[in-house]
Amino acid sequence: TQMTTWADIQRLATDLQRVQLANAAQKLSEANCIEVVTRLIESRAIDVVYTRDGSAYITRSHLCTMIVNEVSASGGRLGIEAISANLNVHFEHVESMIPRINEEHGEYLYTNGELISREYVNQLHSQLRSLLFDCGLRTISSLARHWDLASETLLQLLTPLPQDLGAVLDGDQIYTHSYMAAHKSRVRALFAATTKMTLLSTLITRSNLPAPRFNSLVDELIAEKEVSGRFSGSRNSPSALYIPSLHDRLVEAYVKNQIQQKECIEMAMFRKLSLGDAKMALVQLLGGADKMKDLHILSTLVCTETAMERVKTVINDELGSKGFSDVSTVQTEVEIPFGVEDIQMIMKEMAKKDKKLTVEGEVIFSSSMISNALKEMKESERLSGKAREWVEKKLEKRGKEKKEEKESTPTPQGKKGAAAVAAVDDDDDWDDKKKGKGKKGGRGGGEKAATKTKVATTTQKDKEREEERASLPHISVEEMEDWLQNIPEQLRSIVAEKIHYEVDSTLASLAHQTLASREAEALQSTKKAHVQMREKAVTLYQRIKVFEEATHSDLFEISLKSDLRAHLLRSLCTDLSNELLSFVSSSPVGATLTSKQRDDTISSLPSTSKNAFTALVNSLREEPFDAFHEALQTVCSRSICDLPLNSIDKDTRDSISSSYSSLLKEEAKSGSPAATLLSLILLQFTKQGVAVHASGKFVSQLLPCLKGKIDETSFDSMVDTQRLVIESMRKKGAELEEINQSLTINIGGLRDKYLQ
């Protein structure tokens with residue numbers, strides 16, 4: 001489509017005017033005219049833009065011309081907003097025409113809301129040339145203020161600088177070549193006038209140049225060999241130094257003089273003289289690595305071989321006289337100012353060559369001193385005693401904890417010697433010593449410490465072992481120092497520190513071994529107590545079985561049989577029950593438990609044991625005897641007492657009867673008249689093959705059963721003796737003496753007959 005020109009628009013306006021001036025029948029209204037133009041624009045028949053007030057139309061090419069004219073009239077630089085206001089055209093129309101202006105009218109720059117022409121830039125270059133001619137240096141910030149431009153805009157306009165300007169743009173500054181040549185000469189003069197080490201930052205400050213420009217000038221001078229000195233460190237570092245050649249020559253002379261006269265030079269001097277690494281500096285100053293053969297580089301100084309040998313001589317003399325040497329002594333003996341680290345290095349070198357020497361801190365000494373001290377400590381009786389002391393405290397603590405645990409639950413209390421059966425012998429009981437029942441009494445107090453509760457889980461034991469390992473004894477370094485009296489006082493703390501770990505480990509090992517030994521002894525004692533208890537229980541149970549069989553003899557009436565079985569339950573069976581209860585509960589009372597003690601002890605047992613012992617105690621109160629056997633087997637099972645009871649055979653039965661007969665004879669020989677009579681009566685039953693367990697109150701019932709079994713004279717004598725025994729309990733004074741004489745005669749006769 002052909003672009004509409006301004007002439008076309010003028011012709012169209014003329015046509016519209018002619019129409020407007022025509023007769024009313026052919027005339028268009030203003031609204032119709034606007035509608036016609038709008039449709040022409042929409043159909044792209046014409047290309048125009050509205051003015052701000054909408055009263056006129058302008059073609060885009062004419063708008064470009066008008067914008068260029070406005071910029072030129074303003075000196076080549078004008079803001080877009082000002083152009084929009086001057087031309088009465090919307091801002092976006094003006095801004096959209098900038099690319100077209102560049103195409104049709106040459107290069108224009110649109111930046112920061114302003115339209116700038118090439119002519120304006122040329123004017124800036126011309127003005128800059130004049131300004132640089134006056135001063136030689138201008139900053140972008142000052143020029144921006146001078147020309148009322150943003151710094152970024154100014155840089156964009158000036159870059160690149162024309163070659164005929166004879167200037168350089170360096171960061172924020174613009175300077176001429178002649179200006180830099182003058183400063184280069186000044187920097188050359190600064191280096192030439194410097195005769196000692198100087199901070200490079202000081203020289204930069206004196207040059208009044210930025211660091212980058214100063215460094216660039218220095219690079220040029222170095223390339224031209226105008227700088228005779230050297231630089232120490234990075235030139236960008238604040239601590240960088242310039243070291244003139246004259247300074248290096250003086251330093252070389254100083255270092256050589258120090259080594260020759262004083263046989264050393266301190267490391268601090270190398271840093272002070274900015275020589276860097278001592279070894280590299282010495283190689284450079286002395287003229288080669290071969291010159292370093294007789295020098296030793298230590299921590300704080302460099303010394304000669306002669307000085308090193310003097311130090312070693314002092315150390316060897318000290319080792320020979322005292323067995324050790326320390327740093328302070330060496331420093332005192334040697335005039336050269338060796339530091340602590342230097343002498344330590346020498347000592348370590350000596351110890352490296354001689355394996356018999358040891359260095360610890362500031363001291364060197366013979367290694368044998370450590371090994372001897374360690375051996376002495378390990379073999380020390382005090383160490384063993386400390387281990388034993390810990391074990392004793394450990395066991396004591398366990399005992400207290402166990403006691404506290406027992407005290408938290410009902411425990412047996414009462415007096416020894418109280419009756420162990422529900423029904424005790426009454427006034428008719430003649431057996432004042434209660435012998436002939438096979439009782440051996442409860443376990444002594446000494447067995448208590450050796451007896452341990454057998455019911456303990458593996459988890460509890462493992463936990464106890466872990467606690468014991470964690471609480472093993474330890475020995476402090478200070479305590480070891482008190483023991484090391486054979487070591488020089490200056491070395492005690494060092495030697496103690498050196499051997500502390502091994503000694504402490506040895507102590508822990510000794511304590512662990514001692515504790516294990518004591519535990520093994522206790523375990524062995526427990527096993528022994530278990531074996532003894534089993535033998536005791538089996539023996540007592542077998543006697544009970546023999547005595548129970550006797551209660552079924554045809555020699556006795558039914559009522560007497562029942563009474564004998566009841567007495568057996570209240571005596572030997574109760575004793576066995578109490579012994580088993582004492583064994584399970586680790587109570588030392590044994591067979592002498594009172595009823596209250598027994599009940600309290602049973603209530604403190606675990607449920608299984610508690611039920612078993614409750615059944616056993618209940619079986620002691622009444623027949624049948626089978627209930628006792630059944631309850632006893634439950635108590636002696638593996639889950640409770642772990643005391644299997646062997647069945648009785650004929651040989652065992654005969655052995656028990658024989659030993660019972662012997663016991664009765666012994667009691668008959670030395671007992672009181674009442675006890676002797678009872679023993680002789682029971683002895684006659686054993687001869688009949690019936691081992692009877694009875695007390696004195698059964699004499700009146702047992703004696704008639706012997707009638708016809710022994711000779712009549714002996715029977716009558718026993719009857720008469722029984723009468724006298726009863727009368728002796730009731731008579732006093734002269735009558736009692738007469739009765740006792742008769743008893744003595746009768747008992748003597750019976751003894752002569754049955755015990756000879």
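This talk goes through two groups of paired strands, one helix pair and several salt bridges in a predicted model.

I'll start with the sheet formed by E3, E4 and E5. The sheet is open, has three strands in the order E3-E5-E4, and is paired antiparallel. Strand E3, residues 77-79, and strand E4, residues 108-111, are at the edges; each has a single partner strand, so one side of each has no neighbour in the sheet. From one strand to the next, the twist averages 20°.

Now the pairing of E4 with E5. Strand E5 covers residues 114-117, and four bridges join E5 to E4 in the antiparallel sense. Two of the residue pairs can be named. Tyrosine 108 is opposite serine 117 in E5, and threonine 111 has glutamate 114 in E5 as its bridge partner. What sits between the two strands? E4 and E5 form a hairpin with two residues between the strands, and asparagine 112 there has a positive phi near 55°.

Two helices lie across this sheet. Helix H4, residues 80-87, lies across E3, E4 and E5, and runs at about 75° to E3. Helix H7, residues 118-135, lies across E3 and E5, at about 70° to E5.

Next, the strands around E8. E8 is residues 173-176, and I'll take its two partners in turn. Strand E6, residues 137-139, pairs with E8 over three bridges, antiparallel. In that pairing, threonine 139 has glutamine 173 of E8 as its bridge partner. Strand E7, residues 167-170, also runs antiparallel to E8, with four bridges between E7 and E8. There, leucine 169 is matched with isoleucine 174 in E8.

E7 and E8 make a hairpin too, with two residues between them, and glycine 171 in the turn has a positive phi of about 65°.

Which residues of E8 are on each side, and are they buried or exposed? In a regular strand, side chains alternate between the two faces of the sheet. In E8, Gln173 and Tyr175 are on one side, Ile174 and Thr176 are on the other, and all of them are buried, so both faces of the strand are covered.

Moving on to a helix pair. Two packed helices are described by the angle and the distance between their axes. For helix H26, residues 595-603, and helix H27, residues 607-619, the axes come within 9 Å and cross at roughly 155°. An angle over 145 degrees counts as roughly antiparallel, and H26 and H27 are therefore roughly antiparallel to each other. On the H26 side, the contact uses Arg598, Ile602 and Ser603; on the H27 side, Lys610, Phe613, Thr614 and Val617. By type, the residues in this contact are three nonpolar, two polar and two charged.

Last, salt bridges. How many does the structure hold? The count is 23, and I'll describe three pairs and one network.

The first pair is aspartate 219 with arginine 235, whose side chains meet at 2.3 Å, N to O. This pair links distant parts of the chain, 16 residues apart: aspartate 219 is in helix H12, residues 211-223, while arginine 235 is in the loop between strand E10, residues 230-232, and strand E11, residues 241-243. Aspartate 219 is partly exposed at 39% relative accessibility, and arginine 235 is partly exposed at 24%.

The second pair lies within one helix. Lysine 353 bridges to glutamate 349, with 3.5 Å between the closest N and O atoms. The two are four residues apart in helix H18, residues 340-353, and so are separated by about one helical turn. Are they buried or exposed? Lysine 353 counts as exposed, at 63% relative accessibility, whereas glutamate 349 is partly exposed, at 28%.

The third pair is lysine 498 with glutamate 360, at 2.8 Å, N to O. Here the partners are 138 residues apart, lysine 498 in helix H24, residues 489-550, and glutamate 360 in strand E16, residues 357-360. Lysine 498 is partly exposed, with a relative accessible area of 41%; glutamate 360 is also partly exposed, at 24%.

As for the network, Lys184, Glu220 and Glu224 are joined into one by salt bridges that share partners.

Definitions and conventions: Residues are numbered from 1 along each chain as its sequence is written. This is a predicted model: local features need pLDDT of at least 70, side-chain atom pairs count only at pLDDT 80 or more; totals for chains, interfaces and linings use all residues. Side-chain values use heavy atoms; hydrogens and water are left out. Two strands pair if DSSP finds at least two bridges between them. Axes are lines fitted to C-alpha atoms, for helices over the stretch in contact, and angles run from 0 to 180 degrees between N-to-C directions. Contact means heavy atoms within 4.5 Å. A salt bridge is a side-chain nitrogen of Lys or Arg within 4 Å of a carboxyl oxygen of Asp or Glu. Buried means under 20% relative accessible area, exposed over 50%, partly exposed in between (1.4 Å probe, protein chains only). Angles under 35 degrees count as roughly parallel, over 145 as roughly antiparallel, 65 to 115 as roughly perpendicular and the rest as oblique. Ala, Val, Leu, Ile, Met, Phe, Trp, Tyr, Cys and Pro count as nonpolar, Asp, Glu, Lys and Arg as charged, and the others, Gly among them, as polar.
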